[in-house]
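Here's a quick briefing to read alongside the model. Have the sequence and the 3D view open as you go.

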Amino acid sequence: MKPLSVVVTAVCDIFAWFMIVFGVYVINNGHNTPGGGFQGGAIVATFLSFMLVAYGGKKFLSWVHEGVYGLIEFVGLMAFFTFGCFGFHNAFFYNSLAVPQGAVALSDWLPLSGTISLMNVAVGLEVIGALSLVIIYMYGSIKMVDTGAGLGGERGHDRYDR
């Protein structure tokens with residue numbers, strides 16, 4: 001893909017970072033509000049497709065590395081399994097860290113919802129990694145075909161001759 005106009009890239013520069021902040025907000029507050037790990041992870045992963053469309057394929061491939069997103073996915077999966085084992089003496093995924101309503105939090109970093117919010121973070125990491133890899137692999141599988149006009153390769157976003 002070729003980069004789009006200066007206007008599109010300027011708007012992308014302004015709004016793309018809000019997508020990441022909003023996605024992290026949805027992940028962190030999924031136990032209190034609608035949303036959670038999957039929805040927030042999908043919002044954050046959409047950031048990559050936004051950058052791909054605005055800046056084009058060459059710059060996009062210079063920014064992303066498959067290994068980083070594979071590691072994010074692996075960390076999310078292992079964190080999900082680990083948090084699921086926290087309540088193993090009662091049952092798998094038992095919310096053993098939950099604080100009763102009206103009690104004070106045991107520490108500053110432990111959320112009142114217990115393992116539920118930790119699971120949201122783990123699912124968010126896994127979805128960010130997995131959907132980002134899907135976007136990267138889908139773009140990498142595009143084959144640019146010579147259309148016979150002698151130009152070869154890519155010709156633009158909205159110009160496709162059949």
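**The big picture**

The accessible surface of the protein adds up to about 10,200 Å², and carbon and sulfur atoms hold 68% of that. Keep in mind that this is a predicted model. The protein has 5 helices and 0 strands, so reading from the N terminus you get α-α-α-α-α. Of its 162 residues, 32% count as buried.

**Fold and contacts**

- If you take the contacts in the protein with a separation of 6 or more, 67% of them are between residues 24 or more positions apart.
- Thr 115 and Asn 95 give a concrete pair to look at: they sit 20 residues apart in sequence, yet their C-alpha atoms are 5.6 Å apart in space.
- Thr 115 belongs to helix α5, and with a relative accessible area of 2% Thr 115 is buried.

**Asn 120 and its neighbours**

- Asn 120 is another residue of helix α5, which covers residues 115-140.
- Is Asn 120 buried or exposed? Its relative accessible area is 14%, and since the cut-off for buried is under 20%, Asn 120 counts as buried.
- Leaving aside residues up to four places away in sequence, Asn 120 touches Ile 27, Gly 30, His 31, Gly 36 and Gly 37.

**Aromatic pairs**

- How many aromatic pairs does the structure hold? There are 4, and two of them are described here, starting with Trp 17 and Phe 47.
- The ring centres of Trp 17 and Phe 47 lie 5.2 Å apart with the planes at 45°, so this pair is tilted.
- That pair ties together distant parts of the chain, with Trp 17 in helix α1 (residues 6-28) and Phe 47 in helix α2 (residues 37-55), 30 residues apart.
- Phe 47 is buried, at 13% relative accessible area.
- Tyr 55 and Trp 63 make an edge-to-face pair, with 5.1 Å from centre to centre and 70° between the planes.
- Within that pair, Tyr 55 is buried at 14% relative accessibility, whereas Trp 63 is partly exposed at 41%.

**A nonpolar patch on the surface**

- Which residues form the nonpolar patch? They are Val 7, Val 11, Ile 14, Phe 15, Phe 18 and Phe 50, and together they have about 570 Å² of accessible area.
- Helix α1 gives the most to this patch, with 5 residues.
- Phe 15 is one of the patch residues and lies in helix α1.
- The relative accessible area of Phe 15 is 46%, which makes Phe 15 partly exposed, because exposed would need over 50%.

**Cysteines**

- How many disulfides turn up in a search of the whole structure? The search finds 0.
- Cys 12 is buried, with just 1% relative accessible area.
- Cys 85 counts as partly exposed, with 28% relative accessibility.
- For reference, a disulfide here would take a pair of cysteine sulfur atoms within 2.5 Å.

Notes
Residues numbered from 1 in each chain as written. Predicted model: local features only at pLDDT ≥ 70, side-chain atom pairs only at ≥ 80, totals over all residues. Heavy atoms only, no water. Buried < 20%, exposed > 50% of the residue type's maximum accessible area, 1.4 Å probe, protein only. Helix = DSSP H or I, 4+ residues; strand = E, 2+ residues; numbered from the N terminus. Contact = heavy atoms within 4.5 Å. Phe/Tyr/Trp six-rings, centres within 6.5 Å; stacked < 30°, edge-to-face > 60°. Areas by Shrake-Rupley, 256 points an atom, 1.4 Å probe, with all protein chains shown as cover. Patch = residues over 30% accessible without salt bridge, like charges linked within 9 Å, V, L, I, M, F, W, Y side chains within 5 Å. Salt bridge = Lys/Arg side-chain N within 4 Å of Asp/Glu carboxyl O.
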